[in-house]
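Me: Please take a close look at one part of this model, the place where the ligand is held. I am new to this structure and would like one connected account.

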Amino acid sequence: MTAALEPVRFDVEAIRHQFPALHQRVNGKPLVYLDNAASAQVPVAVLDAMDHYYRNDRSNVHRGAHTLSRRATDAFEEVRARVARFIGAADPSEIVYVRGTTEAINLVANTFGRSRLGPGDEVLVSTMEHHSNIVPWQIVCNQVGARVREVPIDDRGQLDLDAYSAMLGPRVKMVALAHVSNALGTVNPAAEIVARAHAHGVPILLDGAQAVAHLDVDVAALGCDFYAFSGHKLYGPNGVGALYGRREHLDAMPPWHGGGEMIRDVSFDGTTFADPPFKFEAGTPDVSGVIGLGAAIDWFTSLDREAARAHERSLLTAATARIAEIDGVRLIGTAARKEAVLSFALGAHHPGDVGTLLDLDGVAVRTGHHCTQPLMRRFGVPGTVRASFALYNTHAEVDAFVGALRRAAHILE
Ligand code: PMP
């Protein structure tokens, strides 16, 4: 009976069993999948949920009087409530379905941003942002005569909080920052950066694409105005994600895409729009994607996430220490708080060459600029090799990765 009181160990083998794609050989070697910051693999529970929709409930949502459409609509809307709970939103109407983080940020830039920005105004983003949290703001700023300003980072890849505070002047109308950096793994002090923006009356969007699978996210505790994430980095399908927006913002924001679903009444004298979130969801949505996202959230939240996080951190700590011993390895991103991402350069070798050699040993990593070119310039590298961990990775895979990297370093010598 006392066994129930003992701490539960994280059973990584049982978890791996649920991921069909992990069990294959690549170039004759067991696959070591360390490209989770690009897309994580998908468990059977998610595959089954999407399969079930296509086999049984396939129909469009919201419009049909028939049973299949009702089942699909119920599932679709039930996921909205689950997403809201998952990130601590007060109400499902604060969750807008989108294709992913990129679309979420474009939506906010083109509605909230465009309606608030004018000549001389500023949007603050940081050096470590993904292009999808830079370019949408640049496009809108260029159109309205505003400008995007870069909050600097230090040599470890941490946000310069003093510079950030100093930049929060009267011209700043918006802040948009990553919660966790996809290229460095840096965890930004999100609640603190939100509080500082709000102290100046400035709304803030957090890009949570790299955060949701590694941290507990609570938008109410963070206090942010918007939060964006994608399903494919959360063990879910591609092409679906969510935007959280505070209800008062969503109410005030003009629509973006026009079409079916987002209207109340259409006539040639003028059109009125549906309430949020539907106002922002024109057209037939990715119903199976949303159902898969819901299944991914269910699967993920059913785990012992404290144990999962501890496991992921032990992988990152072990891998970081061991590759640092390899001649020529330069770690890019050594922040005090990091999650799941290990970026590095190997001498002056092109990251793509290193990645190709690792692939020959079955090790999948990402190489290149990771959609963060300003960040790569800040570190004076064309790109990095990035190994990124998920909760299903193992210490044996860290061993395989380190061994493969040693061989690559030897070959490239
Ligand atoms: N921001 C960050 C921090 C990311 O890691 C990514 C995905 N790599 C994105 C934005 C863009 O997400 P998506 O491609 O799913 O729209």
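Reply: A polar contact here is a pair of N or O atoms within 3.5 Å. The model is a predicted one, and three side chains meet that cut-off with the ligand in the pairs that follow. The side chain of Asp207 has an N or O atom 2.5 Å from a nitrogen atom of the ligand. Lys233 also places a side-chain N or O atom 2.5 Å from the ligand, in this case from an oxygen atom. For Ser230, a polar atom of the side chain is 2.7 Å from a ligand oxygen atom. On its own the ligand would expose 390 Å², and the protein buries 85% of that area.

The ligand sits in the largest pocket. Around the ligand are Gly100, Thr101, Thr102, His130, Ser132, Asn182, Asp207, Ala209, Ser230, His232 and Lys233. By class, this shell consists of 8 polar residues, 2 charged ones and 1 nonpolar one.

As for the wider setting, the protein chain is assigned two domains: domain 1 covers 12–37 + 304–408, and domain 2 covers 49–300. Their centres, taken over C-alpha atoms, are 28 Å apart. Between them, 34 residues of domain 1 make contact with 29 residues of domain 2.

Terms used. Residues numbered from 1 in each chain as written. Predicted model: local features only at pLDDT ≥ 70, side-chain atom pairs only at ≥ 80, totals over all residues. Heavy atoms only, no water. Near = heavy atom within 4 Å. Polar contact = N/O pair within 3.5 Å; in protein donor to acceptor, adjacent residues only side chain to side chain. Areas by Shrake-Rupley, 256 points an atom, 1.4 Å probe, with all protein chains shown as cover. 1 Å grid on protein atoms, 1.4 Å probe; cavity = no way out; pocket = protein on both sides within 12 Å on 5 of 7 lines; lining within 4 Å. Sits in = over half its atoms within 2 Å of the grid points. Nonpolar A, V, L, I, M, F, W, Y, C, P; charged D, E, K, R; others polar. Domains from an automatic or database assignment. Contact = heavy atoms within 4.5 Å.
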